[in-house]
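Reader: I should like to understand how the terms used for a structure are justified. May I ask about them one by one?

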Amino acid sequence: MNVPMREITLTELEGSSAPAGLAEQAFHMDEQTFRVFYQKTSRPLWSYLSRISGDATLAEDLVQESYYRFLRAELKSDDEAYQKNYLFRIGTNLARDHWRRATRRDQPDVEATEEMPADDRTAERVQQSSDLERALARLKPREREILWLAYVEGSSHKEIAEVIGLRAASIRLLLFRARRKMADLLRHTGLSGGSK
Amino acid sequence: MTIPQCDRERQVIDALRSGRWSGPWGEEIREHAAACPVCSEVVLVAEAMRQADAQAQAEARLPSAGLVWWKAQLAARRAAEERAAQPIAWVERMAQFFGVLALVGVGVWQWPRLVAWLRGSKRPVRVPDVSAGIGDCAQQVFQSLARGFGQSPAYLLLVSAGVFLALLAFAAYVVWREE
């Protein structure tokens, strides 16, 4: 599935597009620095986007668009953790934008909300996949995002809040609920084998 | 709603991420997690998520960094060009408007001479009878336009021509500077 990237509008991302006249100066990173940054972040970003969207092809497009926007953004810091969070924030917003458009296309009368139900098509696509993927597909996109950032990326509550655009105080409760839901799903699917 | 918490939750996540969890250094934290309901749930979910990550990373399809860099530069250049072209396009539109206005003004001003010249031409130019009507009509429109601005038709003509020439010069300067 090809995503028409030009149509994507990043409504929630502040300062993602370069202000007028800043396009040239906005390339703060030189090519070598970018290559190093890309090597470190591209696989985790692809992994994150493919698992929260449940669509590898879409993830591929979103990764590319995320880097384009990242390179044109006015970054406030050279800190690598900040830059990585910023990149994930762009990716998250692009994925959300895609879901909103898809929801509007499929159900014109239903207003897309932040708390979207689990994507039915995603659930259908992974029906024959592993139990783990099926459990993930049954979570809401935001639950997948929070769990991924917390347990795969090791992000703090503050960092998760920055990436998904919520207050840090809300993250603890949302993370607890998502974790409990995922744990129940894993127990039901027999994936709770425990760790060594 | 009371959220069950454990102070060692962060340590558990760090141990899992760093790989210390499965080594001898992780024995103490493993014992804690086995006894703590919060941490055991964290371990269950975190391990599942990390397993999903490992599967996803194995099947990642990524373009090269060089290609992404090149495409991003191309997109930025295109955006910069579009932005730079915006004022020129505006100046062009304005110049067209004032140019047409000046042309109409000259036409109205010199209409009798123009008709005479056309009639007196050696080539058989046929001036329709309605030409006088067109001239009168254009003259009226131009004069009422001038009255609308509170100025004489000659003043409007001079201003239009002046603005047209100024905009033309400005557009030429912008193009020269860009190049």
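Reader: Why is Arg35(A) called partly exposed?

Author: In this predicted model, Arg35(A) has a relative accessible area of 34%. Buried means under 20%, exposed over 50%, and partly exposed in between (1.4 Å probe, protein chains only). Arg35(A) is therefore partly exposed, and Glu31(A), with 31%, is partly exposed as well.

Reader: What makes Glu31(A) and Arg35(A) a salt bridge?

Author: A salt bridge is a side-chain nitrogen of Lys or Arg within 4 Å of a carboxyl oxygen of Asp or Glu. The closest N and O atoms of Glu31(A) and Arg35(A) are 3.1 Å apart, and the pair forms a salt bridge.

Reader: Why is Arg51(A) called buried?

Author: Its relative accessible area is 10%, so Arg51(A) is buried. Its salt-bridge partner is Glu59(B), which at 42% counts as partly exposed.

Reader: How do you know that H7(A) and H8(A) are roughly perpendicular?

Author: Their packing angle is about 100 degrees. Angles under 35 degrees count as roughly parallel, over 145 as roughly antiparallel, 65 to 115 as roughly perpendicular and the rest as oblique. H7(A) and H8(A) are therefore roughly perpendicular.

Reader: On what conventions do these statements rest?

Author: Residues are numbered from 1 along each chain as its sequence is written, and chains are lettered from A and ligands numbered from 1 in the order in which they are written. Local features need pLDDT of at least 70, side-chain atom pairs count only at pLDDT 80 or more, totals for chains, interfaces and linings use all residues, and side-chain values use heavy atoms, with hydrogens and water left out.

Notes:
Axes fitted to C-alpha atoms, helices over the stretch in contact; angles between N-to-C directions. Helix = DSSP H or I, 4+ residues; strand = E, 2+ residues; numbered from the N terminus.
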